[in-house]
Amino acid sequence: MKIDREQIQMVVALFVVAVIAATLLGLTNIFTRGPIAQAEKEALHRALTQVLPAHANDAQNDMFQVGEEKQAIRVYPGMDKTGHISGFAWEVAAPDGYAGTIRILVGVDPDGNIHAIRVTSHKETPGLGDGIVNDTGWLAAFVEQDLESRKWNVKKDGGDFDQFTGATITPRAVVKAVKGALGFFNTNRELMFAAAAEDKIGDKVGGQP
Amino acid sequence: MNKSEVFFDGFWHNNAIFAQLLGMCPLLGVTTSAENGFWMGAATVLVLLGSNLVVSLVRGVIPKNVRIPAYITIIAAFVTIVGMAMNAWMHEMYLVLGLFIPLIVVNCAILGRAEAFASKNSISDSLVDAIAVGAGFTLALVLLGGVRELFGQGEIFGMSVFGDSYPDMLMFILPPGAFIALGFILAGVNLINRKLKARAKQQAQLLQMQAVQAEAVEVGS
């Protein structure tokens with residue numbers, strides 16, 4: 001087969017462009033990897049401070065995992081200065097949001113009452129569904145509740161939680177996910193206390209990923 | 001073309017939004033507030049500067065048949081770099097803009113500048129063009145974001161304008177509001193352009209009359 005000069009030129013040109021682009025991307029990745037991890041850690045730290053009851057430890061450092069390898073849930077325990085457990089926080093996913101998965105950080109006290117919830121990522125419609133982030137009154141309805149103290153549904157479905165004007169699917173998904181989180185705590189309660197206690201004496205169960 | 005002609009052509013006469021209606025996806029997608037619009041515009045300016053610079057640098061080297069894949073590779077590389085940098089140093093805004101950052105790759109306004117301008121002009125002209133087109137795009141994004149934020153939430157850049165009693169007009173935050181607001185903005189731009197044209201015409205007539213008078217005076221003397 002005869003290959004003329006032009007064809008070789010084309011291949012070489014594209015090859016060189018691709019190599020230079022790949023090199024630039026690799027370098028950028030090296031430079032931004034650290035800051036990105038740092039920014040993510042800070043964002044999580046801010047959320048944890050809001051959802052965990054008063055604590056003195058670095059909850060991210062004491063993180064342990066509960067459950068099977070693949071679906072393991074990362075639990076962040078809060079402890080006071082004496083190592084007494086003040087609460088737990090972990091992230092749950094609501095896959096049935098209006099626009100994709102909503103991730104919610106749920107914090108509970110040792111008795112399983114919600115201390116606070118914060119949405120950590122979502123793609124809901126601005127102005128409608130994003131009330132789950134901005135509507136402090138709506139978020140406050142979760143505080144101090146446990147599985148029995150509320151009917152875990154939006155009002156339209158006969159529950160105790162408000163839906164928003166023009167947005168029912170979003171709060172419905174969040175309420176369902178938070179209910180699931182409380183169920184998770186009830187089934188894994190002993191496990192979590194044990195894991196947190198092990199953390200306390202320095203034996204990391206999960207450790208940093 | 002000199003530099004100021006290049007600038008005004010990219011910024012106004014050939015504005016990516018107002019004149020060419022390119023890049024509608026980021027325009028309608030992220031402009032729920034003026035701030036979102038501004039940072040989306042800023043990211044686009046950075047990508048345009050990078051891609052225009054490199055495309056102008058390699059013009060004449062890339063064979064004609066493979067220029068489009070080469071340009072797209074260059075643009076995609078810069079978009080990814082800008083995305084990574086935003087993720088690292090502007091984490092919260094990165095989360096807000098989310099998917100729309102990688103989508104800058106398919107903003108035809110950028111490939112358009114690479115193909116129509118940077119591949120045919122000097123490096124300095126291409127950089128001026130990148131700033132001009134980017135600034136024009138940012139102007140459109142901030143304008144639309146501002147209008148939608150103002151009527152939708154009664155705020156501009158997060159600062160209350162109409163007070164707390166303002167009943168939020170949700171429609172302007174939702175996608176239909178983006179189209180309606182854009183329609184009014186385009187009408188406004190056309191109005192301005194018509195005024196500019198009329199004024200230019202008047203001036204031309206004035207100059208012509210002066211020339212005729214001068215001629216008459218010359219003939220008379």
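The following questions and answers introduce a predicted model with a chain A and a chain B in contact.

Me: What pattern does chain A follow when read along the sequence?
Reply: The secondary structure of chain A comes to four helices and five strands. Read in order, these elements give the pattern α-β-β-β-β-β-α-α-α.

Me: What radius of gyration does chain A have?
Reply: The C-alpha atoms of chain A fill a box of roughly 80 × 50 × 30 Å along the principal axes. For a compact globule of 209 residues, a radius of gyration near 17 Å would be expected, but that of chain A is 23 Å.

Me: What percentage of the residues in chain A are buried?
Reply: A residue counts as buried if 20 or more other C-beta atoms lie within 10 Å of its own. Of the 209 residues in chain A, the buried ones make up 31%.

Me: Over which residues of chain A is the pLDDT below 50?
Reply: Chain A has a mean pLDDT of 85, and 94% of its residues reach 70 or more. One stretch falls below 50, and beyond near neighbours in sequence this stretch has nine contacts in the model. Where pLDDT is low, the predicted coordinates should not be read in detail. The stretch in question is residues 202-209 of chain A.

Me: Which element gives the most residues to the side of chain B that touches chain A?
Reply: The contact takes 25 residues from chain B and 24 residues from chain A. On the side of chain B, the elements that give two or more residues are α4 (67-89) and α5 (91-97). The most, 12 residues, come from α4(B).

Me: How many charged residues are on the side of chain B that touches chain A?
Reply: That side of chain B includes 17 nonpolar residues and eight polar ones. The number of charged residues there is none.

Me: Which element gives the largest share of the largest nonpolar core?
Reply: This core has 56 residues, and those with the most contacts inside it include B:Ile74, B:Ile75 and B:Phe78. The largest share, 12 residues, comes from α4(B).

Me: Which residues of chain A does B:Ile74 touch?
Reply: B:Ile74 is one of the residues with the most contacts inside the largest nonpolar core. Leaving aside residues up to four places away in sequence, B:Ile74 touches B:Ser51, B:Val54 and B:Val55 in chain B. In chain A, B:Ile74 touches A:Val17 and A:Ala21.

Me: How many residues does the second, separate core have?
Reply: Among the residues of this core are A:Phe64, A:Val75, A:Ala173 and A:Met192. The second core has 40 residues.

Terms used:
Residues numbered from 1 in each chain as written. Chains lettered and ligands numbered in written order. Predicted model: local features only at pLDDT ≥ 70, side-chain atom pairs only at ≥ 80, totals over all residues. Contact = placed C-beta atoms within 7 Å. Nonpolar A, V, L, I, M, F, W, Y, C, P; charged D, E, K, R; others polar. pLDDT = per-residue confidence, 0-100. Core = buried A, V, L, I, M, F, W, Y, C linked by C-beta atoms within 7 Å. Buried ≥ 20, exposed ≤ 12 C-beta atoms within 10 Å, placed from the backbone. Rg over C-alpha atoms; globule rule 2.2 N^0.38 Å.
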